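Biologist: Please take one helix in this predicted model and look at it closely. Then walk me outward from there to other parts of the chain.

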Amino acid sequence: MKYGHFDDAAREYVIDTPATPLPWINYLGNEDFFSLISNTGGGYSFYKDAKLRRITRYRYNNVPADTGARSYYLTQMRDDNGTLTPADTWSPTFLPAKTPLDSYRCRQGIGYTVFEAAKNGIESTLTAFVPLHTPAEVNKLTLTNTTDREQIIDVTGAVEWCLWNAVDDSSNFQRNLSTGEVEVEQQADATLLYHKTEFKERRNHYAFFAVNHPTIGFDTSRDEFLGQFNGWDAPQAIAEGVAHNSVAHGWYPIAANRVRVTLAPGASETLVFTLGYIEVPNDAKWEDPNDPAKVGIINKAPAHELFARLNSAELVDAALAELADYWNGLLAIYNVSSGDDKLDRMVNIWHQYQCMVTFNMSRSASYWESGMGRGMGFRDSNQDLLGFVHLVPERARQRIIDIASTQMEDGSAWHQYQPLTKKGNADIGGGFNDDPLWLIAGTHAYLAETGDAGILTEPVPFNNVEGSERPLLDHLRRSANFTIEHLGPHGLPLIGRADWNDCLNLNCFSDTPGESFQTVENNDTGIAESVFIGGMFVLYGTQYADILEHYGQDCGMQADEVAREAAQVRAAVEQVRAAVESAGWDGDWFVRAYDAYGRKVGTAQDNEGQIYIEPQGMCVMAGIGLNDGKARRALESVKERLTCDWGTAILAPAYSTYRIELGEISTYPRGYKENGGIFCHNNPWISIANALAGNDDEAFAVYTRNCPAWLEEHSDVRKVEPYVYCQMVAGPEAPTPGEGKNSWLTGTAAWTFVNVSQYLLGVRPTLDGLAIEPHLPGEYTQLTVTRVWRGVTYRITLQRTGERTLIVDGQPVEGGVVPAPTTAGGTVDVQATF
């Protein structure tokens with residue numbers, strides 16, 4: 001069952017009903033200001049940090065699930081003996097009013113969302129987006145009267161303010177219910193409602209909600225607007241047909257502007273509502289600090305300037321066109337023409353769009369991540385780099401510096417950091433022993449994309465301590481050495497608190513209800529080892545050696561120093577490779593780990609959790625077992641034991657009871673999340689592994705089994721958006737197999753784009769050049785890939801002939817790698833057969 005359809009020409013997913021199984025959302029914003037918006041207008045906005053600069057309030061676990069965010073009410077007024085009273089009220093987004101609409105559709109686009117609705121002869125189009133370089137969300141509402149008589153429509157737009165810190169806002173009521181402050185500014189042609197809570201003390205920021213039209217009233221008190229027993233679906237002020245002009249003093253501040261529009265038959269009118277965020281210098285906070293009559297009146301000049309940039313339909317349309325141009329440029333960097341609509345739409349639009357959103361948010365703010373705890377992930381953000389570095393390399397460079405700045409001097413790292421402060425998140429801590437190696441992975445991807453060796457000499461602090469700066473290359477060195485210096489009894493890397501799977505807690509041994517598996521003091525025996533990190537070290541330790549050999553002398557190292565260190569790293573890699581091939585091999589697949597007692601995890605000797613997906617993917621990606629048949633056998637085991645119609649499960653059989661020596665992984669019901677769910681993030685590893693092993697058909701099958709475009713017709717089962725990936729899908733052992741959860745912010749986005757662009761389509765940046773090596777099933781016989789790389793546009797024609805050849809601008813090239821360009825600009829013609 002479908003609830004909409006793809007419009008590839010418009011780069012939109014068109015939703016035809018508000019009754020989707022879950023809220024289907026979009027992200028607005030590209031830099032500092034962000035909004036989440038659902039197909040019924042729900043969501044919330046924040047500046048940089050969803051915890052520390054939350055602008056509008058959102059209630060998780062609310063019933064209904066998605067109300068009270070941006071709320072619009074269209075009230076059709078009637079004349080009762082000279083008095084205008086409400087005849088009918090509806091929302092152009094369906095919610096919150098819930099009045100049935102005569103027509104409805106929501107178009108989720110690239111950085112914007114459009115709602116088109118009709119009721120009682122009134123057509124409405126509401127367009128929401130965040131303009132480039134602008135800390136504001138713009139909502140342009142156009143109303144058209146299709147009836148044969150004049151219509152009077154009262155339009156009310158409302159937002160509910162969050163008191164900045166989302167955690168404090170949802171818990172510290174004894175303070176918060178007394179602190180809310182607002183200002184009201186009614187101009188002849190506009191009204192601006194200001195949220196200035198705590199501005200008079202330690203804050204230098206405020207927000208406003210404005211409309212570019214004369215208003216007939218406003219409200220800033222939620223209690224006055226809603227009434228005592230009403231929700232956002234039926235506010236008292238809307239039912240009465242008149243705003244109360246309330247001014248909030250503490251309690252629950254909101255902003256609601258009411259506008260009256262008179263439409264002749266066939267006439268249209270456009271209103272622009274703007275939700276803005278303003279920061280002012282501490283010495284310029286007040287309108288006139290020397291005038292006693294103006295004490296406490298905020299400096300509104302920056303708000304006026306921001307509002308003036310967006311206070312007409314023409315200015316808004318220009319900003320929307322600028323946003324479209326921005327995305328046109330980004331999505332021209334990598335695209336494919338394959339003749340397969342599903343493949344083309346995912347590669348050219350939705351994979352890359354989700355990569356950018358995930359880069360912006362890491363895992364911090366979605367409908368499933370509240371933005372109140374996680375911040376930016378060290379591991380997560382490095383992996384996200386892999387999928388977006390080609391789009392905005394300059395921002396990738398800064399992200400690498402930000403991430404590396406949270407590393408400790410011994411090479412370990414904070415597991416997460418807050419995007420506003422860029423300080424490590426002490427609530428989560430560190431000790432996740434895979435984290436350091438991901439910094440090598442992200443930096444190598446950046447170097448392969450850009451060739452910018454200058455990043456390696458960039459001074460970067462440890463733990464953001466001023467004066468501790470060392471070149472980024474030294475951070476990478478300490479990342480590699482951390483693994484080398486933390487090996488266990490089998491010569492495999494120690495797991496620490498956890499490796500990639502935060503729920504495999506082999507040193508935790510928690511028996512206290514509610515205790516965090518990630519923060520409880522470890523029972524660290526120095527024994528628990530990770531075969532997965534072993535595969536990582538073989539892959540990324542090798543990449544570190546490659547970085548040394550390519551760029552070490554550019555960073556001031558002598559040739560003999562480079563050779564010596566690279567040789568030492570490669571020797572350590574080979575030792576870990578040998579340990580993985582011996583202690584890490586179970587006979588038909590790779591072992592997952594060794595627990596704190598030195599016993600295998602992920603072994604046929606167990607009755608549950610016999611095989612895990614992670615080492616099968618990572619070890620084969622590292623090249624382990626490709627020469628002796630182990631890789632092929634492991635991948636056969638994955639297909640036989642972990643794979644179903646919905647994708648590849650994380651482990652099997654699922655655990656039926658809690659195992660204290662394994663930790664959180666065994667707490668979930670069978671088939672869900674890490675206990676036998678399909679954790680979509682690592683399905684691309686299996687696809688890449690199959691490609692490297694020469695199993696091209698299975699590599700592509702793994703890709704399509706949980707690719708949104710191939711699952712659209714099962715939206716009633718999958719439930720989440722059919723245009724983006726979710727974090728997990730209920731596995732084959734679950735009561736509800738195929739049901740998706742936690743959409744949007746997932747490493748699946750980056751890894752899937754790496755998989756399909758670099759391995760399946762086979763156009764992969766390296767330190768030396770652009771490798772061309774597709775791995776596609778037989779039905780794909782001719783494709784064209786356009787790839788902008790290091791300032792040069794490569795037009796790559798892929799032709800199936802059964803032989804691999806490469807011709808660059810008419811000249812044959814040996815080895816399958818297009819040499820790196822010496823100068824930027826121009827177009828290169830590449831003919832490749834496979």
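Modeller: Start at the N-terminal end of helix α7, which D340 caps. A side-chain oxygen of D340 lies 3.0 Å from the backbone nitrogen of K342. Keep in mind that this model is predicted.

The helix itself covers residues 341–361. How far apart should the ends of its 21 residues be? At 1.5 Å a residue, α7 should span 30 Å. The end C-alpha atoms are 29 Å apart, so expectation and model agree. Yet α7 has a bend of about 40°, placed at V347. Is α7 enclosed or open? Of its 21 residues, 19 are buried, so the rest of the structure largely encloses α7. Buried here means under 20% relative accessible area.

One general point helps when you look down any such helix. An α-helix has 3.6 residues a turn, so residues three or four places apart point the same way.

Now step off the end. S362 follows α7, and its phi is positive, near 50°. S362 also turns up among the contacts of D380. Beyond its close sequence neighbours, D380 touches S362, R363 and R374. D380 belongs to helix α8, residues 378–388. Its relative accessibility is 10%, so D380 counts as buried.

C355 lies within the residue range of α7. C355 has 2% relative accessibility, so it counts as buried. Does its sulfur have a partner, or is it unpaired? The closest cysteine sulfur belongs to C707, 12 Å away, which is too far for a bond. A disulfide would need the two sulfur atoms within 2.5 Å. Across the model, the count of disulfides is zero.

Where does the UniProt record place this part of the chain? An unreviewed UniProt entry lists residues 326–762 as "domain: Glycosyl hydrolase 94 catalytic". In the model, that span is 43% helix and 8% strand. Its end C-alpha atoms lie 26 Å apart.

A second helix makes a good companion to α7. Helix α12 covers residues 531–551 and has 21 residues. It should span 30 Å, and its end C-alpha atoms are 30 Å apart, so the two values agree. α12 bends too, by about 25° at F537. It is mostly covered, with 17 of its 21 residues buried. At its start, a side-chain oxygen of S530 comes to within 3.3 Å of the backbone nitrogen of F532.

Next, some strands. T75 is in strand β7, residues 70–80. It has 0% relative accessibility, so T75 counts as buried. Contacts of T75 beyond its sequence neighbours include P86, D88, I152 and R258. How far is T75 from I547? The two are 472 residues apart in sequence, and their C-alpha atoms are 64 Å apart.

I55 sits in strand β6, residues 54–56. I55 is at 0% relative accessibility, so it too counts as buried. Away from its sequence neighbours, I55 contacts F33, W161, C162 and Y277, among others. One of these partners, C162, has 2% relative accessibility and therefore counts as buried. K741 is 686 residues from I55 along the chain, with 26 Å between the C-alpha atoms.

C106 is part of strand β9, residues 103–108. Its relative accessible area is 0%, so C106 is buried. The C-alpha atoms of C106 and S38 are 9.1 Å apart, although 68 residues separate them along the chain. Setting sequence neighbours aside, C106 is in contact with residues including Y13, I15, N39 and F115.

Two of those names, I15 and N39, lead on to T20. T20 touches Y3, I15 and N39 beyond its sequence neighbours. It lies in the loop between β2 (12–15) and β3 (25–28). Is T20 buried or exposed? Its relative accessible area is 12%, so T20 is buried. Its side chain has polar links as well. The T20 side chain reaches the backbone oxygen of L22 at 2.7 Å. Another polar contact, of 3.3 Å, joins the side chains of T20 and N39.

Conventions: Residues are numbered from 1 along each chain as its sequence is written. This is a predicted model: local features need pLDDT of at least 70, side-chain atom pairs count only at pLDDT 80 or more; totals for chains, interfaces and linings use all residues. Side-chain values use heavy atoms; hydrogens and water are left out. Helices (H or I, at least four residues) and strands (E, at least two) are DSSP runs, numbered from the N terminus. Buried means under 20% relative accessible area, exposed over 50%, partly exposed in between (1.4 Å probe, protein chains only). Contact means heavy atoms within 4.5 Å. The expected span of a helix is 1.5 Å times one less than its number of residues. The bend at a residue is the angle between axes fitted to the seven residues ending there and the seven starting there. A polar contact is a pair of N or O atoms within 3.5 Å; within protein, one must be able to donate a hydrogen and the other to accept it, and residues adjacent in sequence count only if both atoms are side-chain atoms. UniProt positions are given in the numbering used here, feature names are shortened, and annotations may be inferred rather than shown by experiment.
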